[in-house]
Amino acid sequence: MTKLPLPVLLLLQPPAGGAASPLRSLLAPARRLAVMSAEAKTAPVSGEYPSPVSPPYPAASKDVELRRAMTASARSAVFSCADVVFEDEWLAVVNKPAGVYCDALLTALPRSAASGDSTTKPNLHLANRLDRDTSGLMIITKCNKVAGKLVKAFTEHKVKKTYLAVCIGCPPTWEKIKICSGHGRSKHGAWRVYAMPDVGRSLPGGSVVRDMSTQFEVLGVNGKGQFREPYSFYSDGIESITVQEKAADQTCNDDVKDSVILVRAYPQSGRTHQIRLHCQYLGFPIRGDVKYGGVIEWNGLECDGHALHAESLSFVHPVTGLPVTFQSPIPSWAKDFISTME
């Protein structure tokens, strides 16, 4: 029997108290990684992060998003004139087109007489932001004081907003509903829906699950329905869904599983991709919203973006103190749907 030197015998002895083995440090890098991986699989898990209840981004979304981002960058570089819905000496409300980045509006805002002294360049700020492919109303402020007040109003949910969206999926059995859930980034950095009991729990990267709620009303399904103007929908007298777990698989007749649904959303919080995430969870993702389960093609044509539009804004003017409401023109895809409604 061959006798081993004492140092080698010590290396081969199992570590006390579960400490890392000194033998592992002598292995080749590739082998060391394999050993560490095996140990990680068998190690007890502590401080687990909450699991999201909505699915990850589809693999196909990566290429689609890259193409759309490149197109939007080119459009934004030549975007020269913003569509101004309202303007005074303190702020401007503009209608952002789809497929253009928000920052392009700052350089494209016309310098009208309402901008004040023509020799002084206004200090422009974006009071709110929209996703690249979302069209609709944005507020641009012209001084730091007004910017601070409006940003605070958005943060405190004092700005009332409505959105229009065309979705594809199973038609809902309700006309109006409120959905409450958690919101946060998964370990892969993707925005996901979380269960309400997970609100406040830590996530990878140091963030936490935050609450989000959205009210919806169905305006039409497959051309049947009635378009109506937005109204005060912030009430408690409607059906409410509190997300506790993954959404159940949607089961509906093959004849209606790809229904075209026009909805209006009333977000009561301002989380990133909130309406898109909630539409996905409810079983009718927004048309063209590939990142959140929406169709890539519709009626034989590839969607160049998602069908979501910031329709209206209501808030107290930060200087005059008067309540104001602004509404944007209806986008073409919404007009097409409304024209078919009976």
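This is a short walk through the fold, from the whole chain down to single residues.

The model is predicted, so local features are given only where pLDDT is at least 70, side-chain atom pairs count only at pLDDT 80 or more, and totals for chains, interfaces and linings use all residues. Residues are numbered from 1 along each chain as its sequence is written, and side-chain values use heavy atoms, with hydrogens and water left out.

Let's start with the overall picture. The chain holds seven helices and 15 strands; these are DSSP runs numbered from the N terminus, H or I over at least four residues for helices and E over at least two for strands. Of its 342 residues, 44% count as buried. Here buried means under 20% relative accessible area, exposed means over 50%, and partly exposed lies in between, with a 1.4 Å probe and protein chains only. The accessible surface comes to about 18,400 Å², and carbon and sulfur atoms own 56% of it; the areas come from the Shrake-Rupley method with a 1.4 Å probe, and for residues only the protein chains shown count as cover. Contacts, meaning heavy atoms within 4.5 Å, often span the sequence: among those between residues at least 6 apart, 70% join residues at least 24 apart.

Now to the interior. A nonpolar core is a set of buried Ala, Val, Leu, Ile, Met, Phe, Trp, Tyr and Cys residues joined through side-chain atoms within 4.5 Å. The largest one has 53 residues, and Cys167, Phe216, Val263, Ile275, Phe284 and Ile286 have the most contacts inside it. Strand β5 (residues 160-169) supplies the largest share of this core, with six residues. Apart from it lies another core of 14 residues, including Leu91, Ala127, Val146 and Val324. To see the surroundings of one core residue, select Ile286: leaving aside residues up to four places away in sequence, Ile286 touches Ala165, Val166, Cys167, Ile275, Arg276, Cys279, Gly294, His306, Ala307 and Leu308.

Three of those neighbours, Ile275, Arg276 and Cys279, lead us to helix α6. This helix covers residues 274-282, and nine of its nine residues are buried. The buried set includes polar names such as Gln274, Arg276, His278 and Gln280 alongside Ile275, Leu277 and Cys279. After α6 comes Gly283, with a positive phi near 100 degrees. On the other side, the loop between β11 (259-267) and α6 holds His273. His273 is not a glycine, yet its phi is positive, at about 60 degrees, and with a relative accessible area of 13% this residue is buried.

Strand β6 (residues 176-185) is a good place to look at strand pairing, where two strands pair if DSSP finds at least two bridges between them. Eight of the ten residues in β6 are buried. Its antiparallel partner β8 (residues 210-221) is joined to it by eight bridges, while β10 (residues 240-242) pairs with β6 in the parallel sense over three bridges. Ile179 takes part in both pairings: its bridge partner in β8 is Thr214, and in β10 it stands opposite Ile241. Strand β7 (residues 191-194) also runs antiparallel to β6, through four bridges, with Arg185 partnered by Trp191. The hairpin of β6 and β7 has five residues between the strands, and there Gly189 takes a positive phi near 85 degrees.

One last stop is His157, in the loop between α5 (144-155) and β5. His157 is another residue other than glycine with a positive phi, near 60 degrees. At 33% relative accessibility, His157 counts as partly exposed.
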